[in-house]
Amino acid sequence: MEVRLLPGERIDELQRNNYRIIQNERKFCFGMDAVLLSGFAKAKEGERVLDLGTGTGIIPILMEAKTRASHFTALEIQQESADMARRSVALNHLEDKISIVVGDIKKASSLFGKAVFDVVTSNPPYMTEQHGLTNPELPKAIARHELLCSLEDVVREAASVLKPNGRFYMVHRPFRLAEIFSVLKEYRLEPKAMRLVHPFVDKEPNMVLLECIRGAKPMLKIAPPLIIYKEAGVYTDEIYDVYGY
């Protein structure tokens with residue numbers, strides 16, 4: 001299917017089901033964190049999934065290729081990103097499986113209702129400060145800094161739209177783990193599995209993957225660390241598998 005491309009946009013291969021995605025490097029391109037979350041998150045046959053802050057739609061597109069969920073809803077506040085996501089969905093003939101909705105994460109439960117999704121995923125903004133931002137209006141700044149939503153907004157709305165025992169999957173930064181656990185507990189999203197992601201085996205982790213269950217009893221399992229590179233420029237076998245190479 002031919003889709004229109006705007007100035008600066010390109011089509012990238014995703015290595016899954018021959019799927020492709022439209023991106024604009026000057027605006028925002030998906031990162032490894034989104035790909036790792038799509039591999040970490042689980043969706044069972046027939047389940048409904050909501051992705052909060054979907055950007056250009058990378059997580060629902062990859063999860064559609066990897067799972068047998070019945071439907072994905074993707075919420076994005078930036079009109080330009082949502083438009084790219086919508087065109088990528090059409091490019092892959094996934095209009096019946098993925099819905100792109102323009103809206104505010106802070107109003108997700110008002111938009112969709114309470115206790116309606118089996119799974120929620122999110123790759124939220126990591127940074128709390130505006131230090132160094134020359135233009136807070138830029139799409140990259142909005143995606144990376146908590147300008148339009150906070151960690152608490154994401155967790156609160158995820159908890160609200162999830163069914164009892166529904167699962168919330170998130171990728172974030174380890175330096176905020178104490179705050180993350182505190183907010184999750186406040187909204188009764190119990191952390192059940194955690195995996196730290198290290199760039200190299202001898203380096204500190206720079207990402208954390210979390211699985212939480214709404215209303216579950218406390219018991220956290222720590223998965224073996226995920227190592228990105230076995231040497232400079234060479235992924236580990238597990239990363240190649242996640243990417244589908």
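1. Is Gly 244 buried, partly exposed or exposed? In this predicted model, Gly 244 has a relative accessible area of 30%, so the residue counts as partly exposed. The class follows because buried requires a value under 20% and exposed a value over 50%.

2. The surroundings of Gly 244 may be described next. The residue belongs to the segment that comes after helix 8 (237-243). Setting aside residues up to four places away in sequence, Gly 244 is in contact with Gln 15 and Arg 16. Its C-alpha atom is separated by 8.2 Å from that of Leu 14, although the two residues are 230 residues apart along the chain.

3. A second matter is the setting of strand 4 (residues 71-76). This strand is mostly covered, with six of its six residues buried. The cover extends to both faces: His 71, Thr 73 and Leu 75 are buried on one side, and Phe 72, Ala 74 and Glu 76 are buried on the other.

4. Which strands pair with strand 4? One partner is strand 3 (residues 48-52), which runs parallel to strand 4 and is joined to it by five bridges. Within this pairing, Arg 48 has His 71 as its bridge partner. Between the two strands the chain passes through helix 2 (residues 58-66), in a β-α-β crossover that is right-handed.

5. Strand 5 (residues 98-102) is also paired with strand 4, again in the parallel sense and over five bridges. Here Glu 76 of strand 4 is placed opposite Val 102 of strand 5. The connection from strand 4 to strand 5 leads through helix 3 (residues 79-91), and this β-α-β crossover is right-handed.

6. The nonpolar interior deserves a separate point. In soluble globular proteins, nonpolar side chains tend to be buried together. The largest nonpolar core of this model has 40 residues, and within it Leu 36 and Ile 239 touch the most other members. Among the elements that give two or more residues to this core are helix 1 (32-40), helix 2, strand 4, helix 3 and strand 5. Strand 7 (162-172), strand 9 (207-214) and helix 8 also contribute in this way.

7. What does Leu 36 touch, leaving out residues up to four places away in sequence? Its contacts are Val 197, Met 207, Leu 209, Leu 226, Ile 228, Ile 239 and Val 242. Another core, of 26 residues, lies apart from the largest one and includes Leu 50, Ala 159, Val 183 and Leu 210.

Notes
Residues are numbered from 1 along each chain as its sequence is written. This is a predicted model: local features need pLDDT of at least 70, side-chain atom pairs count only at pLDDT 80 or more; totals for chains, interfaces and linings use all residues. Side-chain values use heavy atoms; hydrogens and water are left out. Buried means under 20% relative accessible area, exposed over 50%, partly exposed in between (1.4 Å probe, protein chains only). Helices (H or I, at least four residues) and strands (E, at least two) are DSSP runs, numbered from the N terminus. Two strands pair if DSSP finds at least two bridges between them. A crossover is right-handed if, with the strands pointing away from the viewer, the path from the first strand over the helix to the second runs clockwise. Contact means heavy atoms within 4.5 Å. A nonpolar core is a set of buried Ala, Val, Leu, Ile, Met, Phe, Trp, Tyr and Cys residues joined through side-chain atoms within 4.5 Å.
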